[in-house]
Amino acid sequence: MTASTATQPVKQRKLSMRQRESIDFYIAIAPWLIGFFLFTGGPILFSMIMSLTDWSGLTTRNFIGIQNYVTMLGQDKLFWISLKNTFYYAFASVGLGTFGALLAAMLLNQKVPGTSVFRTLFYLPSVTSGVAVAIMWIWMFNPQVGMINYLLSLIGIKGPGWLNSQTWAMPALIFMSLWGIGGNMIIILAGLQGIPDHLYEAAKIDGASKWTEFRNITIPMLSPVLFFVIIISVIESFQIFTNVYVMTRGGPGTATLVYVMHLYLNAFEYQKMGYASALAWVLFLIIMAMTLIQLKASNRWVYYEGDTEGGE
Amino acid sequence: MQQVAGQTETVPVHYDVAWYKRPETRQVFKTILFFAIAIPIAVALILPFLWMVSTSLKVPKQIFKFPPIWIPNPIQWQNYPDAWTKYTNFNIPLMNSLIVTLTNIAGNLFSCSLAAYGFARLRAPGKNILFMLVLGTMMVPMWVTLIPQYVLFARLGWTNTLLPLTVPAWFGWPFFIFLLRQFFLTLPKELDDAARIDGASTWGIFSRILLPLTKPALATVAVFSFIGNWNNFIAPLIYLRDPEKQTLALAMQRFQGTQGNVQYNYMMAVAVISLIPIIVLFFVAQRFFVQGIVMSGIKG
């Protein structure tokens, strides 16, 4: 009896400390939580509803069911063109970009003096994105006096019209994206430096060639990092906008009309807010699908060291 | 013992190997090969910057020379003040960019470090679900929320003000919350316990014990926030129509507007000025860039 009365106050105090902690937790995350409802969660639901209306942003909205989605898939030729352009851009820039970042990282992972200077120089372009850089590249790609065509002329090639050409505008944007692979290079470099030396030493003792080392040690050990880089790069390249807007506005013709450019034009130039919301949702679904496909495919090529250890 | 003796005997052997097969020689070859590959790449990457600076210092008739002139003659320093104030005044966009960027850094540091502390250290019902929500919203493309946000801010009468660009930062940013939480988790929990025994409150532990130890991660957040907001183009494009309210990224396009008669030297001068803060920050704080990108990449 005396024991229980003695423990009671302690128990109560403990409980209130727990409660106190919970309250503090909710105070700490309150800004984010409010922001989530106002700027993310709420808008997501609102966007879903808007996508089922013909709202222009000004007039009253009418509920039109899935009409926007039907129009998109059935009648909007620009939707399919923009989708095709986006896939073209994403595959080329992610493919070449990841490959380039891997080569650059392997180059800088050599045990020679001076790598840190080159790491800085290789990385620098990737932090300078935005309008200033887009403007710089407009000038680089100038067909008559631009640097790119000048360099091509030095080796006897007459450069194309780049941003003025239906065929070459997209390759120009892809080429430009390769200039900014430094960020991915840094991630891959960190991955390379995380591969334990003893694996290479063991391979050397077994007399493995450099290529075998690369195939059987570097790539498997690096695969989770490469996988991460590819997933993030695909998501980013599907949303490319600033460079396209500043450099080509989607032209010439529809040559560089990427998905998000099409979405922007519908929402903010043609005042088709409802339709643009539907486009945004489809973009979301495409990105989710791409990510899921990659996750599925990753079983075939991504090697997690922890997995096999746990399995054996 | 015999084995050791055997090993010492084999050591001189590699001096009998042809000179070009010796390890020292190979190391020299490797170094030369490295520079032979790395220098051209570095030059190619830096070349656009050099040409931009060169163009920004040219008199009009040298801009369109072919083959291009590398060193302008005369060096037209006057292009910079002219580009900045002669046709349109870039001081106002610069001020707007600074206001937006600095407010966002402050807002991000405040709201994200608080939330990260909560997720890393405090126990509460529903915490895991809420953290899943943080991770989940990192996946949502900004274009899904952009239109409803625009409608919201337009209803509030905030278009043509800096408010849509500065207010959301005070309400957390999932990526930064995640980054800081990961960092808080690396700090030993004993610190909190010791402080609590000494009578520190939850907020005392946060502000006086943990935050000072989190400086590197906070610097990383500040650096990323700076870059992101300084370069931000989409939000200013959508919300700011009035030239008086534009940020630098938006105003920079002004020289481009007059089609056919683009003044490339002025355009490049303004672009160079807008890149200077980023490049300076990059060289001063490179460590935090690398740390952030690696933390988000590997530990994610």
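A nonpolar core, as I shall use the term, is a set of buried Ala, Val, Leu, Ile, Met, Phe, Trp, Tyr and Cys residues joined through C-beta atoms within 7 Å. With that in place, I turn to the structure above, which is a predicted model.

Let me start with the core itself. The largest nonpolar core holds 147 residues. Which of its members touch the most other members? They are I135(A), M185(A), I188(A) and L263(A) from chain A, together with I177(B), L180(B) and A271(B) from chain B. In soluble globular proteins, nonpolar side chains tend to be buried together.

I188(A) deserves a closer look. Not counting residues up to four places away in sequence, I188(A) touches A101(A), L102(A) and A105(A), and also L222(A), V225(A) and V229(A). The next residue to consider is L189(A), which belongs to helix 8 of chain A, residues 182-193. Is L189(A) buried or exposed? L189(A) counts as buried, because it has 26 C-beta neighbours inside 10 Å, and the threshold for that class is 20 or more. If neighbours within four places in sequence are left aside, the contacts of L189(A) are A105(A), L108(A) and N109(A). A105(A) therefore appears in the contact lists of both I188(A) and L189(A). The C-alpha atoms of L189(A) and L107(A) are separated by 9.4 Å, although the two positions lie 82 residues apart along the chain.

Helix 9 of chain A, residues 197-205, offers a contrast. Of its 9 residues the number buried is 0, so this helix lies largely in the open. After helix 9 of chain A comes G207(A), with a positive phi near 75 degrees.

I now move to the interface. How many residues of each chain are in contact with the other? The count is 68 residues of chain A and 70 residues of chain B. On the chain A side, helix 1, residues 2-50, supplies the largest share, with 20 residues. By class, that side of chain A has 51 nonpolar, 15 polar and 2 charged residues.

Two residues of helix 1 of chain A illustrate different surroundings. I29(A) is located in this helix and is buried, since 27 other C-beta atoms lie within 10 Å. Leaving aside neighbours within four places in sequence, I29(A) is in contact with A115(B), G118(B), F119(B) and L130(B). I27(A) is also found in helix 1 of chain A, but I27(A) counts as partly exposed, because it has 14 C-beta neighbours inside 10 Å. The C-alpha atoms of I27(A) and V127(A), which are 100 residues apart along the chain, are separated by 35 Å.

Next, a pair of helices within chain B. Two packed helices are described by the angle between their axes and the distance between the axes. For helix 9 of chain B, residues 174-186, and helix 12 of chain B, residues 215-231, the axes come within 10 Å and cross at roughly 165 degrees. Helix 9 and helix 12 of chain B are therefore roughly antiparallel to each other, and the crossing is right-handed. Helix 9 of chain B contributes F176(B), L179(B), L180(B) and F183(B) to the contact, while helix 12 of chain B contributes A217(B), T220(B) and V221(B). These residues divide into 6 nonpolar, 1 polar and no charged. L180(B), one of the residues in this contact, was also listed among the core members that touch the most others.

I close with the backbone. Most residues other than glycine have a negative phi, and most peptide bonds are trans. Where does this model depart from that pattern? Two prolines follow cis bonds: G251(A) is joined to P252(A) with omega at about -5 degrees, and N73(B) to P74(B) with omega near 0 degrees. P252(A) is in the loop between helix 11 (242-247) and helix 12 (259-269) of chain A. P74(B) is in the loop between helix 3 (60-63) and helix 4 (79-86) of chain B.

Positive phi values outside glycine include those of Q271(A), near 55 degrees, and N160(B), near 65 degrees. Q271(A) is in the loop between helix 12 and helix 13 (273-301) of chain A, and N160(B) is in the loop between helix 7 (142-155) and helix 8 (163-166) of chain B. Q271(A) is partly exposed, with 15 other C-beta atoms within 10 Å. N160(B) is likewise partly exposed, with 15 other C-beta atoms within 10 Å.

Terms used: Residues are numbered from 1 along each chain as its sequence is written. Chains are lettered from A and ligands numbered from 1 in the order in which they are written. This is a predicted model: local features need pLDDT of at least 70, side-chain atom pairs count only at pLDDT 80 or more; totals for chains, interfaces and linings use all residues. Helices (H or I, at least four residues) and strands (E, at least two) are DSSP runs, numbered from the N terminus. A residue is buried if 20 or more other C-beta atoms lie within 10 Å of its own, exposed if 12 or fewer, and partly exposed in between; C-beta atoms are placed from the backbone. Axes are lines fitted to C-alpha atoms, for helices over the stretch in contact, and angles run from 0 to 180 degrees between N-to-C directions. Angles under 35 degrees count as roughly parallel, over 145 as roughly antiparallel, 65 to 115 as roughly perpendicular and the rest as oblique. A crossing is left-handed if the near helix is turned anticlockwise from the far one by less than a right angle, and right-handed if clockwise. Two residues are in contact if their C-beta atoms, placed from the backbone, lie within 7 Å. Ala, Val, Leu, Ile, Met, Phe, Trp, Tyr, Cys and Pro count as nonpolar, Asp, Glu, Lys and Arg as charged, and the others, Gly among them, as polar.
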